[in-house]
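I opened the model to look up its fold, its cores, its pockets and one loop residue. My entries follow in the order in which I worked.

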Amino acid sequence: MNFAQTLTSDPLDLLTKAALAGLTAVMLFMLVQQRLTASPNAAEAGGVAAELRQIEQRLVQDKTLYQEVAALAEQRQHSAAMEKLKQIQAAQPNNSRSFLWQAQLQYENGDLADALTSYRQAIDLEPGYIDRKSPLFVGKDIKKNVLEAKDKLQREVTLKPNDPDIKRALNELLYVQRRLAGGCE
């Protein structure tokens, strides 16, 4: 019996070989497809992990950088804390954490308009401060101060309805509230 007779003589054998060849082709296609789709996901996961490590390093550096400001603020030495903060801002003008500290110190000194402006600058530079999913999130603290400022500003508006500083503070307040609520700029 030759090869041609073997192929034509047993149709079940031919069908089995064709099915095996088809399954092999489908499995190869699926393996290639899986590798193509798995690579971007793995790269994306690696990118997220790298970003989280970078944020953690930044938080550690900021904690060290602002350690003296924090100690002075805790001792209620706001003017000394603000002086130290100004030195840090001169050395690192784009560090958004400076604006958070500045806002907190201004708020504690009763300078609501400037505190709200500083919160706005901090949020604009680092939206992660108000993103609940971010490890940088400090939105609860900002919201607490903004709500207290709102109450104080409402009293001020009734006393001085045409004061430009109060109007500016109200505009900043509304902006920060919108951002805290998830709104756009």
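Entry 1, fold. I read the elements from the N terminus on, and they run α-α-α-α-α-α-α-α. The count is eight helices and zero strands. I note here that this is a predicted model. I then looked up burial for the whole protein: of its 185 residues, 28% are buried. For contacts, I took the pairs at least 6 apart in sequence and found that 55% of them join residues at least 24 apart.

Entry 2, nonpolar cores. I looked up the largest nonpolar core and found 25 residues in it. Leu-100, Ile-142, Leu-153 and Val-176 have the most contacts inside this core. I next asked which helices supply at least two residues each. They are H5 (96-108), H6 (112-125), H7 (139-159) and H8 (164-180). H6 gives the most to this core, namely seven residues.

I followed Val-176 further, setting aside residues up to four places away in sequence. Val-176 then touches Leu-116, Tyr-119, Arg-120, Ile-123, Ile-142 and Val-146. I also logged a second core, separate from the one above, with nine residues. Val-69, Leu-72, Ala-81 and Leu-105 are among its members.

Entry 3, Asn-95. Where does Asn-95 sit? I found Asn-95 in the loop between helix H4 (78-91) and H5. Is Asn-95 buried or exposed? Its relative accessibility is 11%, so I entered Asn-95 as buried, the cut-off being under 20%.

I listed the contacts of Asn-95 without its neighbours within four places in sequence, and got Asp-62, Leu-65 and Tyr-66. With Tyr-66 there is a polar contact between the two side chains, at 3.4 Å. A polar atom of the Asn-95 side chain also lies 3.0 Å from the backbone nitrogen of Arg-97. Last, I checked a pair separated along the chain: Asn-95 and Leu-125 are 30 residues apart in sequence, and their C-alpha atoms are 8.3 Å apart in space.

Entry 4, largest pocket. I looked up the volume of the largest pocket, which is about 320 Å³. Its lining has 14 residues, and those nearest its centre are Arg-97, Leu-100, Trp-101, Val-138 and Asp-141. Two of these names were already in my notes: Arg-97 from its backbone nitrogen beside the Asn-95 side chain, and Leu-100 from the largest nonpolar core.

Helix H2 (11-65), helix H3 (67-74), H5 and H7 each give two or more residues to this lining. H5 gives the most, with four residues. By residue class, I recorded eight nonpolar, two polar and four charged residues in the lining of the largest pocket.

Entry 5, second largest pocket. The second largest pocket comes to about 270 Å³. How many residues line the second largest pocket? I found 14, with Ile-130, Arg-132, Lys-143, Leu-180 and Ala-181 nearest its centre. H7 and H8 each supply at least two residues of this lining. The most comes from H7, with five residues. The classes here are six nonpolar, three polar and five charged.

Entry 6, cross-check. I went back over the helices to see where H7 turns up. H7 supplies residues to the largest nonpolar core, to the lining of the largest pocket and to the lining of the second largest pocket.

Terms used: Residues are numbered from 1 along each chain as its sequence is written. This is a predicted model: local features need pLDDT of at least 70, side-chain atom pairs count only at pLDDT 80 or more; totals for chains, interfaces and linings use all residues. Side-chain values use heavy atoms; hydrogens and water are left out. A nonpolar core is a set of buried Ala, Val, Leu, Ile, Met, Phe, Trp, Tyr and Cys residues joined through side-chain atoms within 4.5 Å. Buried means under 20% relative accessible area, exposed over 50%, partly exposed in between (1.4 Å probe, protein chains only). Contact means heavy atoms within 4.5 Å. A polar contact is a pair of N or O atoms within 3.5 Å; within protein, one must be able to donate a hydrogen and the other to accept it, and residues adjacent in sequence count only if both atoms are side-chain atoms. On a 1 Å grid over the protein atoms alone, a cavity is a set of points where a 1.4 Å probe fits but cannot get out, and a pocket is an open set with protein on both sides within 12 Å along at least five of seven lines; lining residues have an atom within 4 Å of a point. Grid points are joined across faces, edges and corners, and a volume is the space filled by probe spheres set on the points. Ala, Val, Leu, Ile, Met, Phe, Trp, Tyr, Cys and Pro count as nonpolar, Asp, Glu, Lys and Arg as charged, and the others, Gly among them, as polar.
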